[in-house]
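Welcome, and thanks for taking a look at this one with us. Below is a short briefing to read alongside the sequence and the 3D view.

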Amino acid sequence: KAQAAIQEDALDSMGTLLSSLRRCTRCPLHCNATQVVPGAGPERAEIMVIGEQPGDQEDLRGVPFVGPAGQVFNEALSEAGLLRGEMYLTNAVKHFKFLTKGRRRIHQTPDAQEIEACKDWLHQEVALVRPKLIITLGATALRAMEGGGVRLATVRDTIRPGVPARLATVHPAYLLRLPDEARALEERKRFFAAFETVRQWK
Ligand code: URA
């Protein structure tokens, strides 16, 4: 019964969070985005994954990691035997930031103020989900969780114990942008190996 009450509480709070988030005007990004893209997944997930911000397809569909970067992420999970449906996926910034060039919308990296403006939403999600492990994808997510003082290269791909434990890795979109084929392959292997590390941690 107590467990059910906790579960219900969590649902209420997540519902409240979601409706406030949908009305968010804390930074100018809400003006041009189609919609806010909230986190997705079980509210009591053991693992929480944090990306940078929704991309073009996520902005249109309102769901995180459904575009090309999401495909790479999905491949890394399935290679490691991890289930996406068991994870809570979200982004450091909840609105798509872009520049329009002709018919294309070109992704722009969120700046420090935009990350700061959105940080409270992210920290509320962490408090509600209470994951055992947080995986940050790329420098923006790492910054949102740990501040600007932690360099991704220094902590990359190792599980740092704690409550929650943390693993910082690169963003899957980075793998898609690398022009050198050999380098891209090597980086992809490292990215996939990070998820193998996660599976062993489980
Ligand atoms: N990149 C992200 O960081 N998040 C998404 O949801 C999609 C692409």
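Which of the 13 residues around the ligand come nearest? They are G51, E52, G55, P64 and A69. Please keep in mind that this is a predicted model. The notes below go from the ligand shell to the annotated domain, then to a helix and the sheet.

**Ligand surroundings**
- The shell around the ligand counts 13 residues, with G51, E52, G55, P64 and A69 nearest.
- Sorted by class, that shell holds six polar, five nonpolar and two charged residues.

**Annotated domain**
- An unreviewed UniProt entry annotates residues 38-196 as "domain: Uracil-DNA glycosylase-like".
- Across residues 38-196, helix accounts for 45% of the chain and strand for 19%.
- The C-alpha atoms at the two ends of this stretch lie 27 Å apart.

**Helix α4**
- Helix α4 runs over residues 112-129, and its 18 residues should span 26 Å at 1.5 Å a residue; the end C-alpha atoms are 25 Å apart, so the two values agree.
- A kink of about 40° is found in α4, with K119 at its centre.
- Buried positions in α4 are E114, I115, A117, C118, W121, L122, E125 and V129.
- As a reminder, residues three or four places apart on an α-helix point the same way, because there are 3.6 residues a turn.
- Just after α4 comes R130, which has a positive phi, near 50°.

**Strand β2 and its partner β1**
- Why is strand β2 (residues 87-91) described as largely enclosed by the rest of the structure? Five of its five residues are buried, so the description follows from that count.
- M87, L89 and N91 point one way from β2, while Y88 and T90 point the other way; all of them are buried.
- β2 pairs with strand β1 (residues 47-51) in the parallel sense, over five bridges.
- Within this pairing, V49 has L89 of β2 as its bridge partner.

**The sheet as a whole**
- In general, strands of a sheet pair through backbone hydrogen bonds, in either a parallel or an antiparallel way.
- Here five strands make an open sheet with mixed pairing, in the order β2-β1-β5-β7-β6.
- β2 and β6 (159-160) are the edge strands, each pairing on one side only.
- At the β6 edge, β6 pairs with strand β7 (residues 165-169) in the antiparallel sense over two bridges.
- I159 has L167 in β7 as its bridge partner.

Conventions
Residues numbered from 1 in each chain as written. Predicted model: local features only at pLDDT ≥ 70, side-chain atom pairs only at ≥ 80, totals over all residues. Near = placed C-beta within 6 Å. Nonpolar A, V, L, I, M, F, W, Y, C, P; charged D, E, K, R; others polar. UniProt positions renumbered as here; feature names shortened; annotations may be inferred. Helix = DSSP H or I, 4+ residues; strand = E, 2+ residues; numbered from the N terminus. Expected span 1.5 Å × (residues − 1). Bend = angle between axes of the 7 residues up to and from the residue. Buried ≥ 20, exposed ≤ 12 C-beta atoms within 10 Å, placed from the backbone. Pairing = 2+ DSSP bridges.
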